[in-house]
Amino acid sequence: MTKPVIWITRSLSAATLNRARRDYEVIWDPADAPGSAEDIIAMSAKVDGIIPCHSEHFSADVVARLDPRLRIVANHSVGVDHCDLPALRAKGITVTNTPGVLSDATAELAMMLMLGAARHAVAGDRIMRSGAWDFWSPAFLVGKQVTGARLGIIGMGGVGRAFARKARGFDMEIHYHNRSRLSEADEAGATYHENLDDLLAVSDFLSLHCPATPETTGLMNADRLAKLPQGCVIVNTARGNLIDEAALLQAVESGHVGAAGLDCFVTEPGGNPAFAQHENIMMMPHVGSATVKTRDAMGFKALDNLDAFFRGDTPPDKL
Ligand code: 8YV
């Protein structure tokens, strides 16, 4: 029996590539460059399935030009804002993602960014590394304590809930806003705010964990940032376009926002060079899910979805 042909667009984990090669005829380029619109369109005539990352954009224009041979897009990501889902569905192409398996890794990075932003990790590291540590005072690098503070979480899906679990270990008081209220068991004592503005008002720390959709684009704009308590620390490991970056910059410069920890930016790769002027903005290059364990789990989940599809079953993570 001939194996289905799949295109793996980026350098997935070795275990993922090995399993994929065992079960499929795999097209993969170790150059690891993001697939352009033209690459995606050309490849769609040669493959039955694609495992893309968020770096490959299936816009309506691209989808309109896809070859009918392509039948499944099995994303290696939980976020699918790089895919025009209605356009793909209209074309009869199955789309899947990788929920759940990256929640802990992303929540760990959010915790690192929250603590690092709150405790001047960027300035401290720079001072030590540059040999500039020639002074100490009780007034030196005084930060904001998380223990006992109020944490606001926007988006209580898998990552938001994993972050809340970890934050409870720091004795934080958890508040959240979500499209719908969680069950009592999932809330685990967290306070639900149906109205986002009510959540913002009590968020000494704020972490974003909602998907990027037309409704959430620019969610944290100047008006909403103004509703946060003075000195709030903002963390974003979800998607860059949830925050109006110019408004955040202004809020950091005025001191209204005390610090920020960012893994996601409007422009990726690249980020926002204006943020680099501020050591109270700690930044990482979109690596929330980048642990060995999670990369394997994401790759295997994408392959589980492909396997189900080519067996004739409904993939477990069909969107
Ligand atoms: C990934 C992500 O790094 O899953 C997502 O939505 O943004 C990240 O976990 C990326 O998409 C890898 O494919």
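In the predicted model, aspartate 313 is partly exposed, its relative accessible area being 41%. Its side chain meets that of arginine 311 in a salt bridge, with an N to O distance of 3.0 Å. Arginine 311 has a relative accessibility of 58% and counts as exposed. This pair belongs to a set of ion pairs that comes to 17 salt bridges in the model.

A second salt bridge joins arginine 10 to aspartate 32, with 3.0 Å between the closest N and O atoms. Arginine 10 is placed in the loop between strand S1 (5-8) and helix H1 (14-23), whereas aspartate 32 is in the loop between strand S2 (25-28) and helix H2 (37-43), so the salt bridge ties together parts of the chain that lie 22 residues apart in sequence. Arginine 10 is buried, at 17% relative accessibility, while aspartate 32 is partly exposed, at 28%. The backbone of aspartate 32 is also notable for its phi, which is positive at about 60° although the residue is not a glycine.

Within helix H6 (residues 121-129), aspartate 125 and arginine 129 are four residues apart, a separation of about one helical turn. In an α-helix there are 3.6 residues a turn, so residues three or four places apart point the same way. The side chains of aspartate 125 and arginine 129 form a salt bridge in which the closest N and O atoms are 2.7 Å apart. Aspartate 125 is partly exposed, with 35% relative accessible area, and arginine 129 is exposed, with 67% relative accessibility. Elsewhere, salt bridges link Arg19, Asp304 and Asp307 into a network.

Helix H5 (residues 103-118) and helix H7 (residues 158-168) pack with their axes coming within 8 Å and crossing at roughly 55°. H5 is therefore oblique to H7, an angle of this size falling outside the ranges set for roughly parallel, roughly perpendicular and roughly antiparallel pairs. The crossing of the two helices, H5 and H7, is right-handed. On the H5 side, the contact is made by Ser103, Asp104, Thr106, Ala107, Glu108, Ala110, Met111 and Met114. On the H7 side, the contributing residues are Gly158, Val159, Ala162, Phe163, Arg165, Lys166 and Ala167. Sorted by class, the contact between H5 and H7 comprises eight nonpolar, three polar and four charged residues.

The buried residues of H7 are Val159, Gly160, Ala162, Phe163, Ala164 and Ala167. Val159, Ala162, Phe163 and Ala167 appear both among these buried positions and among the residues that H7 brings to its contact with H5. The packing of the buried H7 residues involves H5 and, in addition, S6, strand S7 (173-177) and strand S9 (205-208).

Two further backbone features occur in loops. Leucine 141 has a positive phi, near 45°, and is a residue other than glycine. Leucine 141 is placed in the loop between H6 and strand S6 (150-154), where its relative accessible area of 32% makes it partly exposed. A cis peptide bond, with omega about -10°, joins glutamate 268 and proline 269. Proline 269 belongs to the loop between strand S11 (257-262) and strand S12 (281-283).

Alanine 15 of helix H1 is partly exposed, at 29% relative accessibility. The C-alpha atom of alanine 15 is 8.2 Å from that of glycine 299, although the two residues are 284 residues apart along the chain. When residues up to four places away in sequence are not counted, alanine 15 touches Asp296 and Phe300.

Proline 68 is located in the loop between helix H3 (60-64) and strand S4 (72-74). With a relative accessibility of 70%, proline 68 counts as exposed. Proline 68 lies 21 residues from valine 47 in sequence, and their C-alpha atoms are 9.9 Å apart in space.

How values were computed
Residues numbered from 1 in each chain as written. Predicted model: local features only at pLDDT ≥ 70, side-chain atom pairs only at ≥ 80, totals over all residues. Heavy atoms only, no water. Salt bridge = Lys/Arg side-chain N within 4 Å of Asp/Glu carboxyl O. Buried < 20%, exposed > 50% of the residue type's maximum accessible area, 1.4 Å probe, protein only. Axes fitted to C-alpha atoms, helices over the stretch in contact; angles between N-to-C directions. Parallel < 35°, antiparallel > 145°, perpendicular 65-115°, else oblique. Left-handed = near helix turned anticlockwise from the far one by under 90°. Contact = heavy atoms within 4.5 Å. Nonpolar A, V, L, I, M, F, W, Y, C, P; charged D, E, K, R; others polar.
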